[in-house]
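Visitor: I have a structure to look through and not much background. Can you walk me through it?
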Amino acid sequence: MLSALGLAPFAVYTFLFLGLPALAVVIGAFQSPSGGWTWSNISLATHGIYLHGFETTLRLALVTSIVPGLAGVVIANAVITMKGGALKRIVSTASGVFANFGGVPLAFLFISALGTVGIVTNWFNDLGINPYNHGFTIFNFDGVALVYAYFQIPLMILVITPALEGLRPAWREAAEGMGARSWQYWRYVGGPVLFPAVLGGVLLLFGSALSAYATADALTNGSIALTSIQIGSFLNGNVLAGQQNVGKALGLGLIVIIAVVMVIYSLLQKRASRWSR
Amino acid sequence: MVTVVEFDAIFPQEQPLRRPAITDRLRGVAWWRGVVLVLTGVFFLVPIYAAFRFAIGTVTGGLSDSAFTSIPHQQGFGDAFSLSARLALVTTIITLGLMVPTTVFVHLRFPGLRRVFDGITIIPIVIPPVVLIVGVLQVMPTFLKSTPYLLALEYSVLAMPFVYRSLDAGLRAIDLKTLVEASRSLGGRWASTLWRVVVPNLRTGLLSATVLTVALVLGEYTMASLDSYQTVPVWIVFFDSQNAHVSVAVSLVALMGTWVILLLISSFDLRRIRRSTLLRKDTTA
């Protein structure tokens, strides 16, 4: 078909700059530095510090997708049911900006607020409670999780707002007309309708947390054992002889995890689209 | 939406008949909503305020705006800014040049493929940039690796999900088929149809796609730092060891700048909608 030629530029471009590099990572994961086939990269990547890295990454991705995900739903609902368009406009544009905010500037914001001499830390200090004397620090797992919420919550608001707007007021009025209380409306009407969209959004957040690199790197100076940071250290040349391709095996691990997540996501989207029409 | 309108139109007098229990419940909801919004505001604004206070603070405890005013004169900032700006420009041109014709084409000729495209264009979100750059540095020829514009080529891939979605939404909102057929039957060539008919009607989608692309390029750190080019985010980290106040000031300016631009665009958008409804009223009157 001649008209299919119109898709050729896109297909070629995507193959060259997305497909080819991704293939190189997948193939490299099974190759030794000299070019022979081997399982040793995969074996190394699934043991010791690298296995620990996957565990920490998965734990972080789970925490920072579920908690900010649910918070995002509640906040988006509060904004939508508010009267007046100004707040909605501010929230929707701010969500677009904050969802893409991250990395070093974000780390700076939180170090200024909650670092050892941060402003909020000082407020607490003035109240007589120094959070750093009570085991709190912005530079470990919990700190990174808190900072991730700064871009995860806006991402969830962006994703879930259309679904929340799809909840017709008539449904709520019908439920109330039949004497339903607010929790009953959410339990039997709103919840089931929203469920696939919420789960889909949470899965998207999961993928976003899994691939985040710059924020955790800047915040902890690379000391937290996340898979993405370990991959980065391979590129920075911190690598033992003979293990050059372990980074690719780690990359393959992330791709496999995200691929599984995406399959679930697309199945759920299919279910969700039944209601959003 | 139609059902909602009808419901209100048929039962407008229902309002005063509501039982008091419902108004009580609504008041409870409003109170709870206020708490949520205030907490959200605190979480998102306090770090910005803290960073601002840090940026204008001095060693002696006084206040000074020098961290902001001295930004353009800092060593290396000019080069980093110019590199980031060039990358933003090139990335935008590549992305729009590739995605506008492709998306229009899919809508016109292969509407059945829209679902497939939803899937393909989301892949860059799920391949972590840190993994992508590993492959890129391995497979790309040396002449590409020796230029920073390799980053622009890859940023176009990263921007694809957002750009495709903006354009897709824009195209859904217009009657593309009729517009194109009208233009073609009046003798317009494909290129001029695209440029003089489709693009003006897609203005909003194009604007948001551009802003998202530019925001992405200006903020991207992972690929630039691992490819060893000093864009603004990489420079911020590098300069942090010399003057942390300036680094924080630049971060704040970048964040606020993007937000203001997005707000301007969305209000521009609103004006257009209002104008078009006014026009419609005029013609029906």
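**Helices and contacts**

Guide: Start with chain B of this predicted model. Chain B has 15 helices and zero strands.

Visitor: How many of the residues of chain B count as buried?

Guide: Of its 285 residues, 32% count as buried.

Visitor: And what share of the contacts in chain B is between residues 24 or more positions apart?

Guide: Taking contacts in chain B with a separation of 6 or more, 77% come from residues 24 or more positions apart.

Visitor: What domains does chain B have?

Guide: The domain assignment gives domain 1 (18–64) and domain 2 (72–274). Where these two touch, domain 1 of chain B supplies four residues and domain 2 of chain B supplies five. On the domain 1 side, four residues are nonpolar, with no polar and no charged ones.

Visitor: Now the two chains. How many residues does each give to the contact?

Guide: Chain A gives 61 residues and chain B gives 60. On the chain A side, helix α1 (residues 8–28) gives the most, with 11 residues. By class, that side of chain A has 39 nonpolar, 18 polar and four charged residues.

Visitor: Change of topic: what about helix α9 of chain A, how far does it span?

Guide: Helix α9 (residues 182–211) of chain A spans only 38 Å between its end C-alpha atoms, while a straight helix of 30 residues would span 44 Å at 1.5 Å a residue.

Visitor: Where is the kink in α9(A)?

Guide: At Gly191(A), shortly before the proline Pro192(A). The kink there is about 55°.

Definitions and conventions:
Residues numbered from 1 in each chain as written. Chains lettered and ligands numbered in written order. Predicted model: local features only at pLDDT ≥ 70, side-chain atom pairs only at ≥ 80, totals over all residues. Contact = placed C-beta atoms within 7 Å. Helix = DSSP H or I, 4+ residues; strand = E, 2+ residues; numbered from the N terminus. Nonpolar A, V, L, I, M, F, W, Y, C, P; charged D, E, K, R; others polar. Domains from an automatic or database assignment. Buried ≥ 20, exposed ≤ 12 C-beta atoms within 10 Å, placed from the backbone. Expected span 1.5 Å × (residues − 1). Bend = angle between axes of the 7 residues up to and from the residue.
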